[in-house]
Amino acid sequence: MAEQAQFEELARQLSAVGAVKRDLARILPHECPAGSAAVLTLLGRYGSMRMSKLAELLAVDMSVTSRHVAHVAERGWIERSPDPADKRSRILRLTPAGEATLADLSRRSTELLTERLNDWSDEEVDQLIRLMTRLRDSFGDCRTAPPRPAAAASSGPVPAAPATATAVSSAARAPTTPVLAPTTRTPA
């Protein structure tokens, strides 16, 4: 088992991953902020879905999801059609323009990671992906995890680390699934 000092350093390093997320956000086109990129990415990854499912995957409430969906719909990147099973609900799906935007986001994130990690070997990138995937697996699904007991949560002054590892691991090797989650929370 790792020592306390190692976990403290790990927490500091994970907090510093915010710089990676900020760099990835800077490459987004002006008309496609991080929340919109997350909507496109999730629809590209999981296919058509109800807005309630999208809100669950984004790990944000429906009002935030509605704003993101309205933004991408106004640009013609998604279409909203009635759900045949429940006419009050809408099914969201990417349009060809949305697929093209998603491909552009993927290209941009892949180019940035290629540039920043150009001195890394393939084995080092693969190792980073494996370790970050394992780290995410160790934390499970943050949307369904029960709250930690207060005693366990206050075991020491370790700074909180943002869950941004997915931006690096997903974009590093999966050019069809880009970039970022909304700035509020990162989907698991």
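Which helices each supply at least two residues of the lining of the second largest pocket? In this predicted model, the helices in question are α1 and α7 (122–139). The larger share of the description below concerns the sheet and the helices packed around it, and the pocket is taken up again at the end.

The strands form an open sheet of 3 strands in the order β1-β3-β2, with antiparallel pairing. β1 and β2 stand at the edges and have a single partner strand each, so one side of each is left without a neighbour in the sheet. Strand β2 (residues 78–83) pairs with β3 over 6 bridges in the antiparallel sense. These two strands, β2 and β3, make a hairpin with 2 residues between them. Within this pairing, E79 stands opposite R93 in β3, and S81 stands opposite I91 in β3. On the other edge, strand β1 (residues 49–50) runs antiparallel to strand β3 (residues 86–94) and is joined to it by 2 bridges. There, R50 stands opposite I91 in β3. I91 thus has S81 opposite it as well as R50. In a regular strand, side chains alternate between the two faces of the sheet.

Two helices were examined for their placement on the sheet. Helix α3 (residues 34–46) lies across β1, β2 and β3, and runs at about 95 degrees to β3. Helix α5 (residues 62–74) packs on the sheet as well, where it touches β2 and β3; the direction of α5 makes about 115 degrees with that of β2.

Helix α3 also packs against other helices. The axes of α3 and α5 are 9 Å apart, and the two helices pack at an angle of about 80 degrees. Because angles of 65 to 115 degrees count as roughly perpendicular, α3 is roughly perpendicular to α5. In this contact, G35, S36, V39 and L40 of α3 meet H68, H71 and V72 of α5. The residues of the contact of α3 with α5 comprise 3 nonpolar, 4 polar and no charged.

A second helix partner of α3 is helix α6 (residues 96–116); the two pack at an angle of about 105 degrees with their axes 10 Å apart. α3 and α6 are therefore roughly perpendicular to each other. On the α3 side the contact involves A37, L40, T41 and G44, which meet T101, L102 and L105 in α6. The residues of the contact of α3 with α6 divide into 4 nonpolar, 3 polar and no charged. L40 of α3 takes part in the contact with α6 and also in the contact with α5.

Towards the N terminus, helix α1 (residues 4–16) and helix α2 (residues 18–26) have axes that come within 4 Å and cross at roughly 10 degrees. Because angles under 35 degrees count as roughly parallel, α1 is roughly parallel to α2. The contact is made by L14, S15 and A16 of α1 together with G18, A19 and V20 of α2. By residue class, the contact of α1 with α2 has 4 nonpolar, 2 polar and no charged residues.

Helix α1 also contributes to the second largest pocket, as does α7. This pocket has a volume of about 440 Å³. Its lining consists of 14 residues, of which L10, L14, L131, M132 and L135 lie nearest the centre of the pocket. α7 gives the most to the lining, with 8 residues. The lining residues divide into 10 nonpolar, 3 polar and 1 charged. L14, listed among those nearest the pocket centre, is also one of the α1 residues that make the contact with α2.

Methods
Residues numbered from 1 in each chain as written. Predicted model: local features only at pLDDT ≥ 70, side-chain atom pairs only at ≥ 80, totals over all residues. Heavy atoms only, no water. Pairing = 2+ DSSP bridges. Axes fitted to C-alpha atoms, helices over the stretch in contact; angles between N-to-C directions. Parallel < 35°, antiparallel > 145°, perpendicular 65-115°, else oblique. Contact = heavy atoms within 4.5 Å. Nonpolar A, V, L, I, M, F, W, Y, C, P; charged D, E, K, R; others polar. 1 Å grid on protein atoms, 1.4 Å probe; cavity = no way out; pocket = protein on both sides within 12 Å on 5 of 7 lines; lining within 4 Å. Points joined across faces, edges and corners; volume = space filled by probe spheres on them.
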